[in-house]
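Student: Please take one part of this model and go through it closely. I would like to see how a single strand fits into what surrounds it.

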Amino acid sequence: MRIDLNGQTIETQARTLADLLTEQGFESPCVATAVDGDFIARPLRSGTPLNDGVKVEVLSPMQGG
């Protein structure tokens, strides 16, 4: 399936948001996620299905100033 991840079109076999995070190496517990513009809390990621063409944003905190 093709999805948009942080502005890039990718091919993925992930069926849920949690699967996608693991597949793409986003292992940090501090990431924030949104699917089609809706915030998805950490406990809901494994139950959030992905569909072809969905837009996913993954944000992580940055240090510095």
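Tutor: What follows looks at strand S1, its sheet and the core it contributes to. The model is a predicted one. Strand S1 covers residues 2-5 and runs antiparallel to S2, with four bridges joining the two. In general, the strands of a sheet pair through backbone hydrogen bonds, in either a parallel or an antiparallel way. Two of the pairs can be named: Arg2 has Glu11 in S2 as its bridge partner, and Ile3 stands opposite Ile10 in S2. Between S1 and S2 lie two residues, and the two strands form a hairpin. Asn6, in the turn, has a positive phi of about 50°.

Now the wider sheet. This is an open sheet of five strands with mixed pairing, in the order S2-S1-S5-S3-S4. Strand S2 (8-11) and strand S4 (38-40) are at the edges; each has a single partner strand, so one side of each has no neighbour in the sheet. From one strand to the next, the twist averages 35°.

Back to Ile3, which also belongs to the largest nonpolar core, a set of 15 residues. Ile3 is among those with the most contacts inside this core, together with Leu17, Leu20, Leu50 and Val56. S1, helix H1 (17-23) and strand S5 (55-59) are the elements that give two or more residues to the core, and H1 supplies the largest share, three residues. In soluble globular proteins, nonpolar side chains tend to be buried together. Leaving aside residues up to four places away in sequence, Ile3 touches several others, including Ile10, Leu20, Val54 and Val56. Gln8, Thr9 and Asn51 are also among the residues that Ile3 touches.

Key: Residues numbered from 1 in each chain as written. Predicted model: local features only at pLDDT ≥ 70, side-chain atom pairs only at ≥ 80, totals over all residues. Heavy atoms only, no water. Pairing = 2+ DSSP bridges. Axes fitted to C-alpha atoms, helices over the stretch in contact; angles between N-to-C directions. Core = buried A, V, L, I, M, F, W, Y, C linked by side-chain atoms within 4.5 Å. Buried < 20%, exposed > 50% of the residue type's maximum accessible area, 1.4 Å probe, protein only. Contact = heavy atoms within 4.5 Å.
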